[in-house]
Amino acid sequence: MNKRFYIDQDLIRTDASQWEAYNSEVNTVVIAGPGSGKTRVLTLKAIKLLQSDIHAPSGLACISYSRETVRELKKRLKEYGYKSNKYDFIGTMHGFCLIHILQPFAHIFRQYKVPIPMKIASLDLIEQIYNSVLYDLNIDSSNLSLMALNRQRSLSYVGISDVEIQVDLFEIQAAELFESKLEMSGCVDFISIINIATQMIREQNYIRKTLEAKFPWFLIDEYQDLGKALHEMVLELQAQTEIKIFAVGDMNQSIYGFNGAYPDFLQELNSKDNFKSIPLTSNYRSNQGIIEGSIDILTSEPPRPLYSAKKRVNEEAEFTFILCKAEMQPQYDVVANKIIPKLKAKGISYSEIGILVASSNDVVQMATTLKDNDIPFYIVKWDFTNSDIVFWLQECAQWCLNSNLQSFDELFRYWQLQLKVHNDKRAFWEIFRQRVFFHGVLIESKSKSTVFEWLEFVLLELDLKELLKNSERYPDENDNLNALLNETLMKNLKDVPLKRFAFLGEPENEITVTTRHSAKGLEFEAVIMLGMEEERFPYTYKVEEGSRQMKEAHRLCYVGVSRAKRECFLICSKKHTIPTKRGPWIKDFQPSRFWHLLYSRFGNAENLFLEENY
Amino acid sequence: MNSPYISRVQINNFRNFKEIDVNLNHKQVIIGENNVGKTNFLRAIQLILDQSLSDIDRELGASDFHDSIENPLENGEEIKIVLEIQNYEHNRQLVAQFQDAIVSINPATIRFTYKYFPLKDENGDILRYQYQIFKGVNEDKFFRSDDRNYLNIKVIGALRDVERELSANKRSPLFKLVKQSDIDQDELDEISQAMQDAAEDILKLDEIKDIKKLIENKFITLSGLQHDNNLSLRPYEVDTERLLYTIQVYMGLKERPVSELSLGLANILYVALMMLLLRDKTVPRILKNELYNKLITKTNGDLVSSNYTVNENGKNYIQRENIGIDIQNQLYNFFDQHNHQLQSVTILAVEEPESHLHPVLQRLIYREVLHKSESSVIFTTHSPYITAVAPLDTIVHCRYDKGETKVFSTANLAMDPMDKTDLERYLDAKRGEIYFGKGVLLVEGITEEYIVTRAAELQGTHLDDIGVVICNVNSTNFKPYVQLLEKLSIPWCLITDGDYYQLEKEYVDGKEKITRNYHQMWQDGEPKHFKGIDLMSQMIVDLGLASQDDIPEDNLQQQYKILESKGCFVGFYTFEIDSMINGGQLGKNTFKTVYSELRPGGLKQQKNFDDVLDADNFWAALTKIEDNISKGRFAQRFASHLTIDFVPAYMQNAIVEIIRKVTATHE
């Protein structure tokens, strides 16, 4: 606990709901609207619990959706003076299942057929199994995508939840087939890890007792994104242990339905008698106009969420609608050439601007245009994955730049672990020799100035690619490292200083370019939303009105708009070229329904432009 | 609630132990002769669990390898010690701390492994030796010093100075006990201030003033013209910490200090304080006001309000006495969850607790500790008084076997409960001497008890000298004794009567009726039946020493042979009859002599005896011995007249065999 903690504690004291959530000592669900300060409440609560209720050898379990959100969480905790220790778990669901359930108990409960040592299926293997499922069922990928199959797999866990998701019997069959083939391969993947771990908790009293002893509290962030198995796990823990659950989420920000993460699970938890439900309805981010606009997009059905601006109380929202003639490039150009200079002229810094596009590919295109215009930018979603190894490399880079930022011991420990896990010869070296070697490589790497040089040197000296060859723990890591190297050699990390890589997760006066999905959790003074054409956003091919998928598209747009503090740009093109078997087809497009929803409330002759006259 | 305990110990290559694997119980009594390795057995456990050992102590060397291993360090040999712990699962802190150590859940078991091993480079060459302690099955999960905060062992050595330990210092268990209770600092400060104030009054005594003056004067004369030589006197500062460790135990009405107690009583006091110190403190006896108020707001907080009452000064809440076991368990769970004090579990090991204690006290105290204490306790002992009262399933027996020490325990003894009670009673009455034999000769009655010793002497060996104990079980129920001896791997033989009988078949109301007629003499050509053989065959089959198929029903010769190979030596009739037959005419004379020495009646009585004996009416002769003298008394006297001719072959063979067994293991 430090000064900052007490300042922020005083801050939430003034918000009755936040204060209630912070002090709640029972199972609690916090339904947190955009900008409601949920992360602050969660991190403050974590610190308070660690200080007063949780004592070694018990620890705190704090689970979030992705490595990125976990990184953010850890950063926030650190700011409050948190020191990491071996008893706490702060990480993703997969990490939790691996470290605290599968690894310690796989050898005791052989009936779950968890591979020892842990063997993770590579993307190739998954692809192979998928193809063999298609073959066995005599169908092709147009009948069943791998994504749909995986969604079905993650929904397949049957526990005590009453949520019923309509499923296709055919998909069930395919999922079961996949599971048995995966089991035969002697591997697990990210879906089976969680399903198996949940089943182990459900069935094994000893595991529950251990979790109860180790973790008196479970803090779960982004509950709506975590899917069915986690939900079942939470229900089991609640029903069968004395563990207390503090879950934070927002049904309205549930946008990972394609993964099987539906808002229904959070809804169910929220309606449970033995959970205290606390809604956070104050918005400390946006003005009331942005709030109302985003809610318009979210739903036309009552009850309409009643969120009120608490920070930007007397501010007007600004909406701008820009129509381009054809294709995406003009949209990128209008952003780079006109919108950004104008925003800058208004005194809005780069870091307060967010550009939201449809896909990773669009991110690259947008970034390229910005680069051509010498506008600094920051990419949330790269071609490479921010894997454990890449995270560690970033931390090594941070240490090289400033040895106070990271603990050498921890970096070394991870390196040592990799040597052991991968049966590397160097694991037999005496510890001091391992340490001297690793230290030497990092010290020497300091002389490398660009990301590429540094990475190339470190990978070569550590012989990391050889180590990861045929890795059972990180089967796809070498491909991922190649993608990273490629990025540093030819793309957006080309010729940039090491600092850029070391602090990849932290924009520094840069414009953020992100997909709509990855925008969650971010906030900007101005949000620029590209590709706002009907049929493209929302995607309408084979999607029924009122369907789950359509509702999710509304939520996705709601998330996008609600990122804005003050203003929001919507851009669409009237024509797009679509490649077909008979050659390119130039198709007419209308502005999106979301555009219309906002335009009907905020639009007028003053804020509707053609690209050329903005 | 019983505390966690060491349920299994495996040792490889360490000191006396080449390879042992032994199951233990919650209470253990380790016995064995001097220098057999009892202390090393504890040392092996200490290498993993003792907090007071340093890293250097844990680092072993070539001399710590078993003697049979030559050049251990050059040959890359390893020392390995494995401990398994059970009955920890009610303790949340241990469950959390030792998640990585788990090896089984039924029953819940955690494992720690100590390894002293060669570190090799990538070419397989030995760089040097090092030790490592790891948890569970994964050698990467190290067992570290903070793990010992949660589970450890405290060994009270054989050579202890309890007087020093008990004297007023920080190591005193009494001081530690007082410290544990977390006394309010303000209250202590107040008391020490009051003491200081009182001490100041000393200075006002005229005598003290006078002394001060004297010193001043003397000082001045010695230091000459030195200025500023004001002297002042003060009683020394009473600091609050010291206040606590000046508390000492005084005993008796006269309040004698420990230094004046007998060593025996001081030992008792010391062990008693240690036991108190180590008890499970999850449920506090006293609650501070502040904590009390916090706890009663928790779920089930009414457990606290209904079982603790405020004391007179309103500052503390005191636990009620006589709380039922149900509530106790609920309280345990409650505090386990809500009161976050580090609860370290300590297993207490006491070497030779009998030191300086009178046998009566030994029995009293150890009966109390072994049967009632909730802490896990390990004793090493030579005292038959302690082993006599030790529950049957708590014995760990260390013994030499061909150059190495083997360890056997009774932890998994599966014995009929009635037999167990009988056996425990026997051990108690006989002071547990059976445990101390290098070999045991089981006999069925008082007669053999007298005769066997003398017979062995006639055969050239004093059984005492080679450590063979004769154990009279006073019946033919040898089974529990054999079971115990087998479990502890103590060599044994047994001598029992043949109890020849005739089978008589008759038909009563058309049904076949079989009667066994004892006390008959066998006549040539008649079939032979022996109750002794029937019983012993049954026993060795029951105990799994042989299978039914090994014992051919119709081959008497073979039956004797099998039984003897298992250690059961069976006679023909009874010892007396067998020796009357063996002894011939000379023997008859000896019997007559002994009878004449002991008979209560006159010459007529003697003549009646002589007559039946001369008529080879041995059963009648025996009846007269029993009726007029008693077999025991007769045997007692008969032993002094014994010559080797009297000793039946089965008894001679048994003696030869037990001697062979004992000497074989002690070469």
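Me: Is Asp509(B) buried or exposed?
Reply: Asp509(B) is exposed, with 5 other C-beta atoms within 10 Å. A residue is called exposed if 12 or fewer other C-beta atoms lie within 10 Å of its own, buried if 20 or more do, and partly exposed in between, with C-beta atoms placed from the backbone.

Me: Before going on, what kind of model is this?
Reply: This is a predicted model, in which local features need pLDDT of at least 70 and side-chain atom pairs count only at pLDDT 80 or more, while totals for chains, interfaces and linings use all residues. Residues are numbered from 1 along each chain as its sequence is written, and chains are lettered from A and ligands numbered from 1 in the order in which they are written.

Me: Back to Asp509(B): what is its phi?
Reply: Phi of Asp509(B) is positive, about 50°, although the residue is not a glycine. Asp509(B) sits in the loop between strand E21 (500-508) and strand E22 (511-517) of chain B. Strands (E, at least two residues) and helices (H or I, at least four) are DSSP runs, numbered from the N terminus.

Me: And what about phi of Lys402(B)?
Reply: Lys402(B), also not a glycine, has a positive phi near 50°. Its place is the loop between strand E16 (395-401) and strand E17 (404-409) of chain B. Lys402(B) counts as exposed because it has 11 C-beta neighbours inside 10 Å.

Me: Changing topic, which residues does the cis peptide bond with omega of about -5° join?
Reply: That bond joins Ile116(A) and Pro117(A). Pro117(A) lies in the loop between helix H5 (93-105) and helix H6 (123-136) of chain A. The peptide bond from Phe537(A) to Pro538(A) is cis as well, with omega near 0°. Pro538(A) belongs to the loop between strand E13 (524-529) and helix H23 (548-561) of chain A.

Me: How many residues does each chain bring to the contact?
Reply: Chain A brings 16 residues and chain B brings 22 residues; two residues are in contact if their C-beta atoms, placed from the backbone, lie within 7 Å. On the side of chain A that touches chain B, helix H10 (residues 205-214) gives the most, with five residues.

Me: How many helices and strands are in chain A overall?
Reply: Chain A has 24 helices and 16 strands. Its C-alpha trace spans about 70 × 65 × 60 Å along the principal axes.

Me: How much of chain A is buried?
Reply: Of the 614 residues in chain A, 43% are buried. Among contacts in chain A with a separation of 6 or more, 79% are between residues 24 or more positions apart.
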